[in-house]
Structure formats: structure tokens, C-alpha cells
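Reader: I have the sequence and the coordinates open side by side, and I would like to go through them with you carefully. Could you take my questions in turn?

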Amino acid sequence: LWPGAWPEDAAETLAGLIEGELVKAGFDEAAMARERLLARRLACWLADEFEPDRRTDWPQRWVEVAGAITLDAPFSPFHLTARADRLEAAGRVGAVIDFKTGGPPSIGQVHSHLAPQLSLTAAILAEGGFGPDIPALHPAQLLYVQLIGRDPPGREIDVSGGNSRHPLDAAGVAEAAREGLARRIARFDDAETPYRSWETPQ
């Protein structure tokens with residue numbers, strides 16, 4: 001929205017944009033009486049807390065960008081695509097961010113590959129699949145940003161791992177997700193593989 005320094009009225013502008021989108025989505029005036037307050041709380045959190053911190057730590061960013069890589073497979077090449085809400089970079093390392101208005105997947109779901117969106121997006125980033133303007137970057141952070149508007153107005157949920165419970169870091173889980181997808185593609189390229197309706201109950 002503002003590639004350089006944010007203006008002093010950033011929160012007010014963001015609140016107006018959020019309210020405008022809610023009206024377009026069909027919220028009536030009675031609903032907007034509540035949603036305006038939530039929009040303003042969220043806008044203040046984004047402008048005063050989230051964005052300044054991100055811009056300090058991650059000076060480069062790209063929003064709503066499409067990427068793709070091609071995986072070798074037994075039957076034919078498989079094209080993996082993604083559209084990232086936001087990519088950030090600090091030097092040669094990168095962050096993959098997805099914004100959610102509902103509840104995001106847990107770190108356990110991400111690292112067990114039940115929710116592979118961020119990790120596969122990171123795999124594309126690692127291979128330079130968002131080029132030519134975005135270089136290949138070493139994935140260092142996988143982050144969900146939950147947009148709430150209540151208390152708290154927003155939450156950052158880091159699912160990168162790299163700890164005792166989830167030892168793979170962001171790059172590791174991205175590589176594991178890519179390898180797991182390649183194995184699954186090869187499995188289903190075999191005509192004898194059945195299509196089961198519910199293979200991994202949660």
C-alpha cells in the first residue's frame with residue numbers, strides 16, 4: 001500500500017478501506033455499526049504495531065504475488081502454483097505470510113503437512129519460483145496473521161518450528177512438504193493407487 005514510510009493517517013486510511021470492502025460484501029448499516037469499531041481497532045493494530053515491526057526486521061516486501069515450480073513425476077511434469085498474500089525479505093532470507101480472518105492452522109498441522117499452504121509456498125520461494133523480480137530466498141519464517149478486530153485486534157502466529165517439539169525449521173518443513181508432495185504425485189501416477197475419501201482423520 002505504501003512502499004516507503006507510512007503516512008501519519010495510515011490507520012484512518014486502512015479503516016476506511018476495510019469498511020469499504022465490508023460494504024461491498026453486503027454488510028448492512030446495522031452490521032456496520034459493530035464492524036466499524038472492529039475495523040478501526042484492527043487498522044490501528046496494523047498501522048501502529050504490526051507494520052512498523054515488520055518493516056524494521058524485513059525491509060523488502062511483495063504482496064499478492066503468484067509463483068510456480070515444476071516437479072518431475074512419473075507420468076508427466078507436475079506444476080505447483082501458489083499465490084502468496086505477502087512475501088518479505090531481509091538479505092537472502094525470506095518470510096511467507098498469510099492473513100486469516102478465521103482461525104489459522106496449528107503449527108502441528110503445518111509440520112505434519114495436513115495444512116501445507118505456507119510450507120509449499122516457501123518451497124516455491126526457495127527455488128526462485130516467484131521471479132523474475134523476487135529472487136530465490138532461504139525460507140526463515142512461516143507466519144499466519146489473524147485479523148480479529150476484538151481484543152486483541154490481531155495476532156501473529158509463527159509456525160516456522162525449529163524447536164524441541166517441532167525440530168524442522170521453516171526451510172526444513174518447506175523441503176519436507178515438497179518431497180512429500182512429490183512422493184504423493186508419484187503414488188497417484190500409479191494407476192493401481194485407489195482414491196480414498198478420508199485417509200488421514202484428524
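The questions and answers below go from the overall fold to helix packing and then to single residues.

Reader: How many helices and strands does the protein have, and in what pattern do they follow one another?

Author: This is a predicted model, and everything said here should be read with that in mind. The protein contains 5 helices and 5 strands. Read along the sequence, these elements follow the pattern α-α-β-β-β-α-α-β-β-α.

Reader: What share of the 202 residues is buried?

Author: The C-alpha trace spans about 55 × 40 × 35 Å along its principal axes, and the protein exposes about 11500 Å², of which carbon and sulfur atoms supply 53%. Among contacts between residues at least 6 apart in sequence, 63% join residues at least 24 apart. Counting as buried any residue under 20% relative accessible area, the share of the 202 residues is 40%.

Reader: Are H1 and H2 parallel, antiparallel, perpendicular or oblique to each other?

Author: The axes of H1, residues 10–24, and H2, residues 29–57, come within 8 Å and cross at roughly 140°. Because angles over 145 degrees are needed for roughly antiparallel and 65 to 115 for roughly perpendicular, the crossing makes H1, with respect to H2, oblique.

Reader: How many nonpolar, polar and charged residues are in the contact of H1 with H2?

Author: From H1 the contact draws on residues including Leu14, Ile18, Leu22 and Val23, and from H2 on residues including Met32, Leu42, Cys44 and Leu46. Glu19 of H1 takes part as well, as do Glu35, Arg36 and Arg40 of H2. By class, the contact of H1 with H2 has 14 nonpolar, no polar and 4 charged residues.

Reader: Why is helix H4 described as largely enclosed, and how many of its residues are buried?

Author: The buried residues of H4 include Leu118, Leu120, Ile124 and Leu125, together with Ser119 and Thr121. They pack against strands S1, S2, S3 and S4 and against helix H5. H4, residues 117–126, is largely enclosed by the rest of the structure because the number of its 10 residues that are buried is 8.

Reader: How is H4 oriented relative to H5?

Author: H4 and H5 pack with their axes 8 Å apart, at an angle of about 95°. Since angles of 65 to 115 degrees form one class, the orientation of H4 to H5 is roughly perpendicular.

Reader: Which residues of H5 meet H4?

Author: On the side of H4, the residues in this contact are Ser119, Leu120, Ala122 and Ala123. The residues of the contact of H4 with H5 divide into 7 nonpolar, 1 polar and 1 charged. Those that H5 contributes are Val173, Ala174, Ala177, Arg178 and Leu181.

Reader: Which peptide bonds ending at Pro132 and Pro152 are cis, and what is omega near?

Author: Most peptide bonds are trans. The bond from Gly131 to Pro132 is cis, with omega near 5°, and Pro132 is found in the loop between H4 and S4. Pro152 is found in the loop between S4 and strand S5, residues 154–158; its bond from Asp151 is cis too, with omega near 5°.

Reader: Where does the chain have a positive phi at Glu64 and His113, and what are the values?

Author: Most residues other than glycine have a negative phi. Glu64 is found in strand S1, and at 43% relative accessibility it counts as partly exposed. His113 lies in the loop between helix H3, residues 107–111, and H4, and with a relative accessible area of 31% it is partly exposed. Phi of Glu64 is near 50°, and phi of His113 is near 70°.

Reader: Is Pro3 buried or exposed, and which residues does Pro3 touch?

Author: Pro3 has its place in the segment before H1, and its C-alpha is 9.3 Å from that of Trp62, although the two are 59 residues apart in sequence. Its relative accessibility is 75%, so Pro3 counts as exposed. Leaving aside residues up to four places away in sequence, Pro3 touches Arg55 and Arg61.

Note on methods
Residues numbered from 1 in each chain as written. Predicted model: local features only at pLDDT ≥ 70, side-chain atom pairs only at ≥ 80, totals over all residues. Heavy atoms only, no water. Axes fitted to C-alpha atoms, helices over the stretch in contact; angles between N-to-C directions. Helix = DSSP H or I, 4+ residues; strand = E, 2+ residues; numbered from the N terminus. Parallel < 35°, antiparallel > 145°, perpendicular 65-115°, else oblique. Contact = heavy atoms within 4.5 Å. Nonpolar A, V, L, I, M, F, W, Y, C, P; charged D, E, K, R; others polar. Buried < 20%, exposed > 50% of the residue type's maximum accessible area, 1.4 Å probe, protein only. Areas by Shrake-Rupley, 256 points an atom, 1.4 Å probe, with all protein chains shown as cover.
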